[in-house]
Amino acid sequence: MSKDVIPLYVDDVSTFTKTLRKSLTKQEKLPSHATMLTLVAKAAGFQNHQHLKAEKRASVPELDELALKRALRVFDDTGRMFRWPKWTKVQGLCLWPFWARLPAHQDMTEKLVNDVLKTGLNFDDHVLLRRSLIDHKLATRTNDGRVYRRIEQRPTPEALALMKRLKER
């Protein structure tokens with residue numbers, strides 16, 4: 001058996017478990033490892049385990065290396081941003097390290113957000129970053145601007161790669 005890691009995303013866990021349970025009740029004895037792999041794949045909507053493996057290979061997104069390279073250029077050796085990028089796509093990518101610094105599931109004041117943003121900047125325009133976090137749907141704020149909150153979401157593969165490479169510096 002292969003030792004490859006095969007991610008499995010299930011849209012509806014309830015339907016998945018019902019289908020898997022129905023398949024297991026048809027078995028007379030405890031199914032083998034290969035049979036379990038097939039049952040899990042079928043419950044997730046695939047034809048068999050090989051179909052699941054093939055889908056995994058086809059769905060692995062390629063990193064946008066050009067955007068990643070351009071994003072890395074605006075950070076110094078300590079991981080602090082020293083200029084704002086020109087491209088909108090790169091701007092959005094560069095916001096992810098700042099998003100990661102904001103506390104999760106917590107209301108913040110504008111002052112707290114500014115303090116967090118300033119620690120990662122080598123230029124004096126934290127307001128630009130704060131507004132961009134809102135524009136790129138990485139944070140929200142109330143209409144009066146008193147309460148800010150990070151929007152919880154999974155970072156893009158490029159964002160994860162950028163944060164990893166910045167940490168390695």
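Buried, in this talk, means under 20% relative accessible area. Keep that cut-off in mind. The model is predicted.

Start with the tryptophans. Trp99 has 6% relative accessibility, so Trp99 counts as buried. Trp96 comes out at 7%, so Trp96 is buried too. These two rings form an aromatic pair. What is the geometry of the pair, centre to centre and between the planes? The centres are 5.0 Å apart, the planes stand at 70°, and the pair is edge-to-face. The aromatic pair count is 1. Both residues sit in helix α5, 3 residues apart, which means a separation of about one helical turn.

Stay on α5. It runs from 88 to 101. Two more of its residues deserve a look.

Leu95 lies in α5. Its relative accessible area is 0%, so Leu95 is buried. What does Leu95 contact, beyond its neighbours within four places in sequence? The list is Trp84, Leu129, Ser132, Leu133, His136 and Leu138. Leu95 can also be placed relative to Ala71: 24 residues away in sequence, and 9.7 Å from C-alpha to C-alpha.

Next, Val90, also in α5. At 2% relative accessible area, Val90 is buried. Setting aside residues up to four places away, Val90 touches Ala67, Arg70, Ala71 and Pro85. From Val90 to Pro157 there are 67 residues in sequence, and the C-alpha atoms are 13 Å apart.

Now the core. The largest nonpolar core holds 33 residues. Which residues have the most contacts inside it? They are Phe75, Met81, Leu129, Leu133 and Leu162. Five helices each supply at least two residues of this core: α4, α5, α6, α7 and α8. The biggest giver is α5, with 7 residues.

Take Met81 from that list. Leaving out residues up to four places away in sequence, Met81 touches Val74, Phe75, Cys94, Phe98, Gly120, Leu121, Asn122, Phe123 and Leu129. Phe75 and Leu129 are among the residues with the most contacts inside the core.

On to a helix pair. Two packed helices are described by the angle between their axes and the distance between the axes. Here the pair is α4, residues 65–72, and α8, residues 157–168. The angle is about 40°, and the axes are 10 Å apart. The crossing of α4 past α8 is right-handed. Who makes the contact? From α4 we have Glu65, Leu68, Ala71 and Leu72. From α8 we have Glu158, Ala161, Leu162, Arg165 and Leu166. How many of these are nonpolar, polar and charged? The split is 6 nonpolar, no polar and 3 charged.

Next, α7, residues 126–135. Its buried residues are His126, Leu129, Arg130, Ser132, Leu133 and Ile134. They pack against α5, α6, β1 and β2. The strand β1 covers 139–141, and β2 covers 148–150. Look at His126, in α7. His126 has a relative accessible area of 17%, so it is buried. Beyond its neighbours within four places, His126 contacts Asn114, Leu117, Lys118 and Leu121.

A brief stop at α2, residues 33–43. Buried there are Leu39, Ala41 and Ala43. Just after α2, Gly45 has a positive phi of about 100°.

That brings us to backbone angles. Most residues other than glycine have a negative phi. Which loop holds His105? The one between α5 and α6. His105 is not a glycine, yet its phi is positive, at about 55°. Is His105 buried or exposed? Exposed, with a relative accessible area of 61%.

Lys137 is another such residue, with a positive phi near 60°. Lys137 comes just after α7, in the loop between α7 and β1. Its relative accessible area is 58%, so Lys137 is exposed.

To recap. The tryptophan pair in α5 is edge-to-face. The core of 33 residues takes the most from α5. The α4 and α8 axes meet at about 40°. And Lys137 and His105 carry positive phi values. That is the tour.

Technical notes
Residues are numbered from 1 along each chain as its sequence is written. This is a predicted model: local features need pLDDT of at least 70, side-chain atom pairs count only at pLDDT 80 or more; totals for chains, interfaces and linings use all residues. Side-chain values use heavy atoms; hydrogens and water are left out. Axes are lines fitted to C-alpha atoms, for helices over the stretch in contact, and angles run from 0 to 180 degrees between N-to-C directions. Helices (H or I, at least four residues) and strands (E, at least two) are DSSP runs, numbered from the N terminus. A crossing is left-handed if the near helix is turned anticlockwise from the far one by less than a right angle, and right-handed if clockwise. Contact means heavy atoms within 4.5 Å. Ala, Val, Leu, Ile, Met, Phe, Trp, Tyr, Cys and Pro count as nonpolar, Asp, Glu, Lys and Arg as charged, and the others, Gly among them, as polar. A nonpolar core is a set of buried Ala, Val, Leu, Ile, Met, Phe, Trp, Tyr and Cys residues joined through side-chain atoms within 4.5 Å. Buried means under 20% relative accessible area, exposed over 50%, partly exposed in between (1.4 Å probe, protein chains only). Rings of Phe, Tyr and Trp (its six-membered ring) pair if their centres lie within 6.5 Å; planes under 30 degrees apart count as stacked, over 60 as edge-to-face and the rest as tilted.
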